Amino acid sequence: MGLRKTCRPTAKRKMPTKDGGLGEGEVQEYTFFPRDLEMVLSLSHNELGAESPGLPPRLAELAHLEELDLSFNRLSRLPEGLGCLRHLRALDIDHNLLPCFPAPLLELAALEELDCSGNRHLGALPEGIAALCRLKILWLSGTGLSALPEGLCQLGALESLMLDGNQLRTLPAGFSGLQRLKMLNLSSNLLGEFPDAILALPGLEELYLSRNQLAVLPPRLCQLRQLRTLWLDNNRIRYLPDSIVLLHNLEELVLQGNQIAILPEGFGQLSRVTLWKIKDNPLIQPPYEVCMKGIPYIAAYQQELAHSQPALKPRLKLVLMGLKDAGKTLLRRCLMEEDGQKEDAGNLEAGSAQPRGCPGQQQDSGRAVGYCAVPEDASERWDICSHVPSHQGKGERLCPAPSLPPDASQVSSGLRLSGSKGIEVMDWTADAERGLTFIVYELAGDPTYDVIQSFFLSPGALYVLVVNLSAYVPQHFYPSVGYFLHWLGSKVPHAVVCMVGTHADLCAERELEEKCLDIHHQIAQQEKRDAEGLQSLVQQVDEALGQDFDLRCSSPHTAFYGVSDKNLRRKKAQFQYLLNHRPQILSPVLPFSCWDHCQVRRLRDKLLSVAEHRDIFPNLHRVLPKSWQVLEELHFQPQAQQLWLSWWDSARLGLQAGLTEDRLQSALSYLHESGKLLYFEEHLTLREYVFHNLPRLIDILNVFCQRDATVLLQKLLSDTHVDELRATQLHHYVEGFLLHGLLPAHVIRLLLKPHIQSREDLQLILELLEKMGLCYCVNKPKSKPLNGATAWYKFPCYVKNEVPHAEAWINGANLSGQSFVVEQLQIEYSFPFIFPPGLFARYSVQINSHVVQRSDGKYQIYAYRGKVPVVVSYRPARGALQPDTLSIASHASLPNIWTAWQAITPLVEELNVLLQEWPGLYYTVHVLCSKCLKRGSPNPHSFPGELLSQPRPEGLTEIICPKNGSERVNVALVYPPTPTVISPCSK
């Protein structure tokens, strides 16, 4: 409202005290001063109507008052004399306790702006509202309205109308009479059909219909030619009308959270759109990866589709995960042999004992059942599938199926193959007739691969969680199953998971049934606990939203102290997202043994059935331009064995595919986003190259997860000309690598033979590893080249020493225990469910460009930002009820505390960027009380991390620490000088 820009504080109004509350014994008097010919009065945030008598009677005497702000009080009525304010143009009464629309307002004929938002029990508007004929702006958000009177439709001067957060199902017939309306907000209502009356408002520029129940948009939507903003997110829309492309003035278009699969032809014409949100839709044309890049990429896709015929190539990513020795390798080989080499499958069957059949097994269609129902729409599905050229895997990688011995007792020792190569990837043509191909990723069960394995978890894939039934015991459910579900759910919300129990032939029939039921039961229990925990958090946020903001700010003892309504609503939306995107776990657990041909065939059919289910995997049926498909095949042709291609090499392949240079960029961008190759178009160095040979890149990544000194030495000593001195040197390098994570560049080159053929290969790989967060150069100058000096690289995941070798300064004391006269500043991230595997190591790399003089330990980093010390600490959970934590800290004297904020803010932002890669992860952020830290409290009070994104409250200088009521914390130790762009707690 206008008054918010021109209001000024009045004399003798209550002011906040140091603890955020209101002073005692203040005189309820108000002195008013004229300002030329107008009057402005603000009485907001004064708890009027709570214990005070309410508004002073003399208010009605201010005959020339033009702007009045009574917001954020506790008023349940307005004085009758308010209607005497004949010159009042702007009135703000939002967030009070008004039980109905105040009758005196209908007498304010000069009123142009009125805000009644947040009066939750207002319930209805009177027909007489038509008397406010000069009204231009009307806020009625969150007022409990279920219908609108016809009198509202007579407000011919109305330009902006906010009706969000109500229970409206329809609009009145005369709503089209609001011909001057430019902005209409109907978000968070119960509209099941698009109101036709809106189409008769030709001057409408902004339209918000988020979070309704709309399924169809009218073809005549193009009549709203002046529309600049259109928000339709979180509805049930399945398609967009072709006419939407005629809305040439659109600048904001928000469509996320619907069921849209195909965008209309010519969608790229909406070239003015700068704010574009489309995630959580089952997009196939254009594919999700194209749509997420923005309107210019959609335009390029549609133009390319017009140049060349469309192509369908059903390919799906299949990921095998589970503990080491779970049986993933043997399962994968049996599945692929069953389909691809019938003669070997025959050998398998002939060499085995009599199959045991499929006792007690149920037939199901592949639809997700049991723990989570499959939604009608498959949200945010996209396939990062073809990481592998089709010639790889079948010939070079795939081992022949072994013949099973007739004695079952030999299976355990002879055929329990472990994936010793780390992560492996290959193609599997599961159904040649339909052309269905799986790109199979077998993840290592070894924790040493944690830092890289999360890269291979992506939406749009089918996950097979493998459990060794012969070794499974109920007490080990969490490390065998529960942990993997938490890990996967944090990285890929709504992931589709098929549970497979291997080594079933080593279990008696009753034992097999009991173990499968136990896994089934414990998964359900874990899901129930997680959901109940999230629902409890939603309830807490709802309770906080039900309080006045002033009440939340009145004392640090209150939940969500000082957190704004906006941040609370964002927090609630995140919890709802986590609740609505639980893993889709296919039921029941499928017993599996390569002995049992029936079980092998049943699992294969199950995977095919799930993969072809359109509601689960719409991305399988995405449509691509033929030229893009040809470009992909050309990059993966057998002769393309080199590690990378230059941009110009790729451009020549593009010409063979019919793509000119200007059309190549969008094709490469799609292939990168879909995981078929790596192309970093925004990286200064890497954008000149295309990394198309991902199997070789994965082999390289596997090298840096190897913890066996013998294996590493074998790679280094493979050259027959290595003398004894050189061998001793290399041995020391390996020891240093496994202890401190340090390697010189020339030794890295030796480790990567034969993948690395040239210095350029090595430099590009090191740039790529640094981009992925696996290592950083410890002696690379900020601006100058190394001038021939040996470059050393640090791999943080290898650091074993618990404490960094650094000057002791953390926690405000040195090694002798002498206290510094400084204030502690510490931001703590807490992870109640799971700490993302490899996060600390990757974060250690990401912050390197921000710090100097760093010293790394296994769980701590000491460094400086300029001359200001910082420390990053990871603390693993100390028990089942304790969360993992990651904290970022600094210190400075109180007058210079802004330097500590400057030091840690970039590090906080880097961590927030990394956490965006984990959309299903629940974590909290807090600012720890500096007073508690100074006195060494083991359990310091924590202020909500949302305060980091909010401005410091005016008039507030200190906050009482709830852990010790006699201590006051300076506000500069809780709020940063400048708010962060977004709350670190938000996604």
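How many disulfides does a search of the whole structure find? The search finds 1. Keep in mind that this is a predicted model.

I will start with that link. The disulfide joins Cys-334 to Cys-594, with an S to S distance of 1.6 Å. The angle about the S-S bond is 125°, and the link is right-handed. The pair connects distant parts of the chain, 260 residues apart. Cys-334 sits in helix 4, residues 328–340, while Cys-594 belongs to the loop between strand 18 and helix 12, the latter being residues 597–611.

Are the two partners buried or exposed? Cys-334 is buried, at a relative accessible area of 6%. Cys-594 is buried too, at 11%.

Two other cysteines are on my list. Cys-153 has a relative accessible area of 8%, so it counts as buried, the cut-off being under 20%. Cys-777 is in no disulfide. The nearest cysteine sulfur to Cys-777 is that of Cys-775, at 8.7 Å, and a disulfide needs the two sulfur atoms within 2.5 Å, so that pair does not qualify. Cys-777 is buried as well, with a relative accessible area of 5%.

Next, strand 17, residues 496–502. How many of its residues are buried? The count is 7 of 7. Both faces of the strand are covered. One side carries Val-496, Cys-498, Val-500 and Thr-502, and the other carries Val-497, Met-499 and Gly-501.

Now its neighbours. Strand 16, residues 461–468, pairs with strand 17 in the parallel sense over 7 bridges. Within that pairing, Val-466 has Val-500 as its bridge partner. Strand 18, residues 584–591, also runs parallel to strand 17, and 5 bridges join them. There, Cys-498 of strand 17 stands opposite Leu-586. Going from strand 16 to strand 17 by way of helix 8, residues 477–491, gives a right-handed β-α-β unit.

Met-499 deserves a separate word. Which residues touch the most other members of the largest nonpolar core? They are Met-499 and Tyr-829, in a core of 132 residues. Helix 22, residues 897–915, gives the most to this core, with 10 residues. Setting aside neighbours within four places in sequence, the contacts of Met-499 include Leu-465, Val-467 and Val-481. Also among them are Ile-519 and Ile-523, and then Ile-585, Leu-586, Pro-588, Val-589 and Leu-590. Leu-586 therefore appears twice in this account, as a contact of Met-499 and as the residue opposite Cys-498. Apart from this core lies another, of 105 residues, with Leu-186, Leu-224, Ile-260 and Leu-631 among its members.

Last, the sheet that begins with strand 1. This is an open sheet of 11 strands with parallel pairing, in the order 1-2-3-4-5-6-7-8-9-10-11. Which strands stand at the edges? Strand 1, residues 39–42, and strand 11, residues 275–277, do. Each has a single partner strand, so one side of each is left without a neighbour in the sheet. From one strand to the next, the twist averages 5°. At the strand 1 edge, the partner is strand 2, residues 65–69, which runs parallel and is joined by 4 bridges. In that pairing, Val-40 has Glu-67 of strand 2 as its bridge partner.

To recap: 1 disulfide, a strand 17 with both faces covered, a core of 132 residues that Met-499 belongs to, and an open sheet of 11 strands. That is the end of the talk.

Note on methods
Residues numbered from 1 in each chain as written. Predicted model: local features only at pLDDT ≥ 70, side-chain atom pairs only at ≥ 80, totals over all residues. Heavy atoms only, no water. Buried < 20%, exposed > 50% of the residue type's maximum accessible area, 1.4 Å probe, protein only. Helix = DSSP H or I, 4+ residues; strand = E, 2+ residues; numbered from the N terminus. Pairing = 2+ DSSP bridges. Right-handed = clockwise from strand over helix to strand, strands pointing away. Axes fitted to C-alpha atoms, helices over the stretch in contact; angles between N-to-C directions. Core = buried A, V, L, I, M, F, W, Y, C linked by side-chain atoms within 4.5 Å. Contact = heavy atoms within 4.5 Å.
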